[in-house]
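Welcome, and please have a look at the model below before reading on. This report walks through a few of its residues and then steps back to the whole chain.

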Amino acid sequence: MNGREVYKHAVRNMASSARTALEANKLTPDDVTWVVGHQANLRILEGVSERVGIPMERFFLNVDRYGNTSSASVPT
C-alpha cells in the first residue's frame, strides 16, 4: 500500500463528506458535538479535524486502545 496516497485520499474524502453533510443540514463545525469516524489512523482523524474545523476534543477516539478495528470501529 502507498501510505501517503491512502492518507491523502482518506483525509480529502472524509473532510469533503463532513463539509457536505454540514452544508446539507445548514450546520457549522461549532454545531457538532461528537464525530465518530472509522478508527484507522489517528493522523487521518487529525487531518480531518484541521480541514473541517472541528476540534479533536470532539472526536471519539478508541484507536489508541484497540487499533484499526476495520468495520467494527463505530460499534466498538
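## Arg-58 and its neighbours

Arg-58 touches Pro-29, Asp-30, Val-32, Thr-33, Trp-34 and Val-35, leaving out residues up to four places away in sequence; contact here means heavy atoms within 4.5 Å. Its side chain also reaches the backbone oxygen of Pro-29 at 3.0 Å. That pair is a polar contact, meaning N or O atoms within 3.5 Å; within protein, one must be able to donate a hydrogen and the other to accept it, and residues adjacent in sequence count only if both atoms are side-chain atoms. Arg-58 and Val-32 are 26 residues apart along the chain, and their C-alpha atoms are separated by 7.8 Å.

Arg-58 sits in the loop between α2 and α3. Because its relative accessible area is 23%, Arg-58 counts as partly exposed. On this scale, buried means under 20% relative accessible area, exposed means over 50%, and partly exposed lies in between (1.4 Å probe, protein chains only).

## How to read the model

This is a predicted model, in which local features need pLDDT of at least 70 and side-chain atom pairs count only at pLDDT 80 or more, while totals for chains, interfaces and linings use all residues. Residues are numbered from 1 along each chain as its sequence is written, and side-chain values use heavy atoms, with hydrogens and water left out.

## The chain as a whole

The chain has three helices and zero strands, so there is a plain α-α-α order to follow from the N terminus. Helices (H or I, at least four residues) and strands (E, at least two) are DSSP runs, numbered from the N terminus. The radius of gyration is 12 Å, which agrees with the value near 11 Å for a compact globule of 76 residues; the radius is taken over C-alpha atoms, and the globule rule is 2.2 Å times the number of residues to the power 0.38. Along the principal axes, the C-alpha atoms fill a box of roughly 35 × 25 × 20 Å.

Buried residues make up 25% of the 76 residues. The accessible surface comes to about 5300 Å², with 52% of it belonging to carbon and sulfur atoms; areas come from the Shrake-Rupley method with a 1.4 Å probe, and for residues, only the protein chains shown count as cover. Among contacts between residues at least 6 apart in sequence, 58% join residues at least 24 apart.

## Gln-39 and Asn-62

Which backbone atoms does the side chain of Gln-39 reach? One is the backbone oxygen of Phe-60, at 3.0 Å, and another is the backbone nitrogen of Asn-62, at 2.8 Å. Gln-39 is found in the loop between α1 (3–24) and α2 (42–52), and it counts as buried because its relative accessibility is 0%. Beyond four places in sequence, Gln-39 touches Leu-45, Phe-60, Leu-61, Asn-62, Val-63, Gly-67, Asn-68, Thr-69 and Ser-73.

Asn-62 belongs to the loop between α2 and α3 (63–66). Asn-62 also counts as buried, because its relative accessibility is 0%. Its contacts, again leaving out residues up to four places away in sequence, are Gln-39, Gly-67, Ser-73 and Thr-76.

## Helix α2 and its partner α1

At the start of α2, a side-chain oxygen of Asn-41 reaches to within 2.7 Å of the backbone nitrogen of Arg-43. The buried residues of α2 are Ile-44, Leu-45, Gly-47, Val-48, Ser-49 and Val-52, and these buried residues pack against α1. As background, an α-helix has 3.6 residues a turn, so residues three or four places apart point the same way.

From the α1 side, Met-14 is a good place to look: Met-14 lies in that helix and is in contact with Ile-44, Leu-45 and Val-48, setting aside neighbours within four places in sequence. The C-alpha atoms of Met-14 and Ile-44 are separated by 9.0 Å, with their positions 30 residues apart along the chain. With a relative accessible area of 29%, Met-14 is partly exposed.

## Two residues with positive phi

Lys-26 has a positive phi of about 55 degrees although it is not a glycine. Lys-26 has its place in the loop between α1 and α2, where it counts as exposed because its relative accessibility is 74%.

Gly-53 follows α2 and has a positive phi, near 85 degrees. Its place is in the loop between α2 and α3, and at 41% relative accessibility Gly-53 counts as partly exposed. Gly-53 touches Pro-29 and Val-48, not counting residues up to four places away in sequence. Pro-29 is also one of the residues touched by Arg-58.
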